[in-house]
Amino acid sequence: MSDIPGPGPDSGSDSGPSLPDVNVGRFVRLAGIAVVGLLVLGVLAGGYHQVPEGHVGVQKSFGAVTGTEFQPGAHLIVPVKDSVQDVEIRPRTYTMANTQGEGDKPGRADAVVVQSVNGTTVDIDLTVRYRVQANDTSTFVTQWRTVGQAEERLIRPSVRSQLRDEAAGIQTSEIYTSSGRERLATAAQQKLESVFDDEALVLEEVQVREVDLPESYDRALNEKEIAKQEVQQKEFEIQQARKDKERQEVQAEADARVIEIRGQALRENPIVLRQQYIEAIDASDKVILATDDEGTPIILQTGSSTNGGGTNESDVGAGFDTSVDATAGTTPTPTPTASGS
């Protein structure tokens, strides 16, 4: 029996498909690159979160709050599964204003409308200053989700109800004064403090910014103020006139007292009166001739005439008795005496 050789590689017979050569190392490298790429893509797609300053990051897993809180900075999370909500913990203000565009609702006027005990409708501009508790942001997100929800569903209705209740016991004439504003702000603050006790919120201040009264009431107040100022001006003028009168009376009394003291001094010192009399006639055209027994001057009245030569001639036509009454304090008019040759 002879050996029958099998078909060789070149025999052309089909013995089945041949397997290609496989490079295992290259396959591993490609797989590693793919994994790294997926990780990088995952980080870029949501596996990285940056918490800004003044905020706390609240972690959520499939939308539910986990209780984990992140401080400001970069943090890695599981993409798709986890997310982070940033909650601002710095002080915030919520304003309700009558001027459109000034409050937190820019599209419309948003003041708190109340009625006073007199039935007057009043618009109150109010600002609430508050913040979220830094160590309890997870609770805040669980309860309110966002600060906008807390403002709309907690702060706003609480303030409005409290201000309306408080204003119902205040007179219109008082509600716009500083004491009225303080009363409203205190009432609103006490109300918010009580509701914030069970929330992850901290109340810092409630401020009544402005009280807008109806135009007719404003006009009446202005007229009343003008009338009040006019009355005050009249009272001032009356007081000034009264003071002027009192001053004149005091001056008159002082002048009368001076005259009284002067008369008394002259009565007690007649020689002073005689001296004054002498000084009074010193520059006159009277010539002193002698004195009487009491020392009173007896004078001769002379008359002057101008002649052509320019000389003066005295007409000794009459003598006068010029006795002085020292007790009267005055100088009597000289009494003519009988003429003599």
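Q: How many salt bridges does a search of the whole structure find?
A: The search finds 10. A pair earns the name when a side-chain nitrogen of Lys or Arg is within 4 Å of a carboxyl oxygen of Asp or Glu. Bear in mind that this is a predicted model, where local features need pLDDT of at least 70 and side-chain atom pairs count only at pLDDT 80 or more, while totals for chains, interfaces and linings use all residues. Residues are numbered from 1 along each chain as its sequence is written, and side-chain values use heavy atoms, leaving out hydrogens and water.

Q: What makes Arg209 and Asp125 a salt bridge?
A: Their side chains meet at 3.9 Å, N to O. The cut-off is 4 Å, so the pair qualifies. Arg209 sits in strand E9 and Asp125 in strand E8, so the bridge ties together parts that are 84 residues apart in sequence. (Strands, E, of at least two residues and helices, H or I, of at least four are DSSP runs numbered from the N terminus.)

Q: Why is Asp125 called buried or exposed?
A: Buried means under 20% relative accessible area, exposed over 50%, and partly exposed in between, with a 1.4 Å probe and protein chains only. Asp125 comes out at 1%, so it is buried. Its partner Arg209, at 31%, is partly exposed.

Q: What makes Arg183 and Glu166 a salt bridge?
A: The N to O distance between their side chains is 2.8 Å. Arg183 belongs to helix H5 and Glu166 to helix H3, so here the bridge ties together parts that are 17 residues apart in sequence. With 32% relative accessibility, Arg183 is partly exposed.

Q: Which residues are linked in a network of salt bridges?
A: The network links Glu88, Arg90, Arg92 and Glu151. Within it, Glu88 and Arg90 have their closest N and O atoms 3.3 Å apart. Why does such pairing happen at all? Side chains of opposite charge can pair when their charged atoms come close.

Q: What makes a set of residues a nonpolar core?
A: The members must be buried Ala, Val, Leu, Ile, Met, Phe, Trp, Tyr and Cys residues joined through side-chain atoms within 4.5 Å. The largest such core here has 37 residues, and Phe140, Leu163, Ile175 and Phe196 have the most contacts inside it. Elements giving two or more residues include strand E8 (121–132), helix H2 (137–144) and helix H3 (147–167). The biggest giver is H3, with seven residues.

Q: Which residues is Leu163 in contact with, leaving aside its neighbours within four places in sequence?
A: Contact means heavy atoms within 4.5 Å. By that rule Leu163 touches Val112, Val114, Ile124, Leu126, Leu184 and Ala188.

Q: How do you know that the length of H3 agrees with what a helix should span?
A: The expected span is 1.5 Å times one less than the number of residues. For the 21 residues of H3 that gives 30 Å, and its end C-alpha atoms are 28 Å apart, which agrees.

Q: Where does H3 bend?
A: H3 bends by about 30° at Ile155, and Pro157 follows within four residues. A bend is the angle between axes fitted to the seven residues ending at a residue and the seven starting there.

Q: Why is Gln85 called buried or exposed?
A: Its relative accessibility is 17%, under the 20% limit, so Gln85 counts as buried. Gln85 lies in strand E5 (residues 82–88).

Q: What makes the meeting of Gln85 and Lys60 a polar contact?
A: A polar contact is a pair of N or O atoms within 3.5 Å; within protein, one must be able to donate a hydrogen and the other to accept it, and residues adjacent in sequence count only if both atoms are side-chain atoms. The two side chains make theirs at 2.8 Å. A polar side-chain atom of Gln85 also lies 2.5 Å from the backbone oxygen of Arg145.

Q: What makes the phi of Arg145 worth a look?
A: The angle is positive, about 70°, although Arg145 is not a glycine. Arg145 is in the loop between H2 and H3, and its 47% relative accessibility makes it partly exposed.

Q: Why is Phe62 called buried or exposed?
A: At 65% Phe62 is over the 50% limit, so it is exposed. Phe62 has a positive phi as well, about 55°, and is found in the loop between strand E2 (55–61) and strand E3 (64–70).
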